[in-house]
Amino acid sequence: MADGLAKPEEKLFLRALSGETLPTPPIWLMRQAGRYLPEYRAVRAKAGSFLDLCYSPELAAEVTLQPIRRFGFDAAILFSDILVVPQALGQKLWFVEGEGPRLAPVADAARLAEIDRAADPEVLAPVLETVRRVKVALPRETGFIGFCGAPWTVATYMVAGRGTPDQGPAKALFQADPALFQAIVDRIVAASIDYLAAQLAGGVDAVQIFDSWAGSLGAEDFERWCIVPTRKIVEGVRARHPQARIIGFPRGAGRLIPDYVRQTGVDAAGLETEIDRAFARDAIQSLVPVQGHLDPLTLRAGGPELEREVAAIRDAFGARPFIFNLGHGILPDTPIAHVERLLAAVRA
Ligand code: CP3
């Protein structure tokens with residue numbers, strides 16, 4: 001640069017993620033592009049199905065930007081889904097309206113053989129095109145987050161062929177045939193490294209690894225199926241992008257999160273709603289910046305309880321690097337006025 005000075009970081013999201021304590025925490029919300037927004041529902045209707053939306057760069061970029069335009073969040077998250085990775089691996093994927101994802105289950109060696117190949121770059125190409133489009137359209141002060149699902153969470157869907165209340169089918173498989181389950185996890189790890197590296201090359205500022213079902217594993221299984229594969233992804237991504245900033249979100253892992261942070265090497269940790277705040281501050285935020293953890297139900301309910309919770313969360317985490325978010329995705333019937341109240345309260 002002409003004056004020899006490094007450009008100061010303008011994105012509050014990146015400053016917090018890099019370890020800076022800010023007077024006002026940056027804020028974004030998981031699933032911030034979604035059905036609670038009329039403008040999302042309009043684009044979604046135009047796209048046809050949810051997957052068509054994920055694979056239409058123009059429309060996916062548009063819905064990624066909608067919550068930034070309406071609310072001015074400090075970060076945008078790429079609009080896609082964690083299950084595009086199994087689809088790229090060759091597994092059939094579709095969404096049942098009002099229910100959720102369905103996949104042709106991979107529960108034996110024969111089914112694994114069908115997806116025993118590298119991820120098909122053609123499948124993921126439209127998502128990477130979305131990254132490039134969002135990158136050029138985002139305000140310069142807005143962070144941009146890419147993501148993938150963690151191997152354990154993605155495997156629970158691949159094995160059961162759908163969401164499951166207790167992850168029973170995936171657990172049954174790793175108990176009955178750990179080598180087969182390991183082979184599935186290894187395929188997800190390899191595909192996720194390539195996918196996140198491509199998102200970073202396309203211009204995302206940071207990536208988040210969603211482990212939505214981390215809380216269903218005991219400590220030993222958690223180490224084997226959450227920590228170890230996540231560490232491989234972190235190392236694989238950093239081998240290609242040494243400066244990559246990575247947020248881990250092992251939802252529900254609670255007291256296992258400090259181990260997860262130390263062993264995976266993530267730069268920041270997402271906190272679920274249920275976590276004990278004093279523990280999270282003393283045992284997790286002392287290691288890395290944290291992100292979370294307002295209850296989506298409290299946001300939906302609004303009222304004085306919302307203000308109280310925002311104040312309590314800011315009190316607990318405001319003295320160290322912190323990114324305000326929910327503890328899980330925003331609910332589709334959340335009133336827009338409550339999101340506006342939330343932003344006002346966080347930025348007050
Ligand atoms: O956060 C964002 O706004 C980015 C986009 C994003 C979506 N899904 C869009 C989506 C992200 C990061 C995800 C992650 C995801 N997808 C996870 C991990 C996080 C979590 O929620 O636990 C999981 C488990 C999935 C798989 C998935 N996708 C399920 C189980 C469902 C059905 C539930 C539902 O809310 O309908 C989806 C669908 C989905 N993914 C929607 C959106 C906006 C709703 C689709 C619609 O418009 O009907």
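**Figure 1. Q66 is a buried residue of helix α4 in this predicted model.** Helix α4 spans residues 57-71, and Q66 is part of it. The relative accessibility of Q66 is 3%. Because a residue counts as buried when this value is under 20%, Q66 falls in the buried class. A polar atom in the side chain of Q66 is 3.3 Å from the backbone nitrogen of Y40.

**Figure 2. The ligand is surrounded by a shell of 22 residues.** Those that come nearest to the ligand are R31, Y40, R44, D81 and S212. Y40 is thus named twice in these views: as one of these nearest residues, and as the residue whose backbone nitrogen faces a polar side-chain atom of Q66 at 3.3 Å. By class, the shell consists of 13 nonpolar, five polar and four charged residues. Helix α2 (38-47) contributes at least two residues to this shell, and strand β3 (100-103) likewise contributes at least two.

**Figure 3. Polar atoms of R31, R44 and D81 lie 2.7 Å from atoms of the ligand.** For R31, a polar backbone atom is paired with an oxygen atom of the ligand at 2.7 Å. For R44, a polar side-chain atom is found 2.7 Å from a ligand oxygen atom. For D81, an N or O atom of the side chain lies 2.7 Å from a nitrogen atom of the ligand. On its own, the ligand has 860 Å² of accessible area, of which the protein covers 87%.

**Figure 4. The ligand occupies a pocket of the protein.** The space that the ligand takes is the largest pocket.

Terms used: Residues are numbered from 1 along each chain as its sequence is written. This is a predicted model: local features need pLDDT of at least 70, side-chain atom pairs count only at pLDDT 80 or more; totals for chains, interfaces and linings use all residues. Side-chain values use heavy atoms; hydrogens and water are left out. A residue is near a molecule or strand if one of its heavy atoms lies within 4 Å of it. A polar contact is a pair of N or O atoms within 3.5 Å; within protein, one must be able to donate a hydrogen and the other to accept it, and residues adjacent in sequence count only if both atoms are side-chain atoms. Accessible areas come from the Shrake-Rupley method with a 1.4 Å probe; for residues, only the protein chains shown count as cover. On a 1 Å grid over the protein atoms alone, a cavity is a set of points where a 1.4 Å probe fits but cannot get out, and a pocket is an open set with protein on both sides within 12 Å along at least five of seven lines; lining residues have an atom within 4 Å of a point. A molecule sits in a cavity or pocket if more than half of its atoms lie within 2 Å of its grid points. Helices (H or I, at least four residues) and strands (E, at least two) are DSSP runs, numbered from the N terminus. Ala, Val, Leu, Ile, Met, Phe, Trp, Tyr, Cys and Pro count as nonpolar, Asp, Glu, Lys and Arg as charged, and the others, Gly among them, as polar. Buried means under 20% relative accessible area, exposed over 50%, partly exposed in between (1.4 Å probe, protein chains only).
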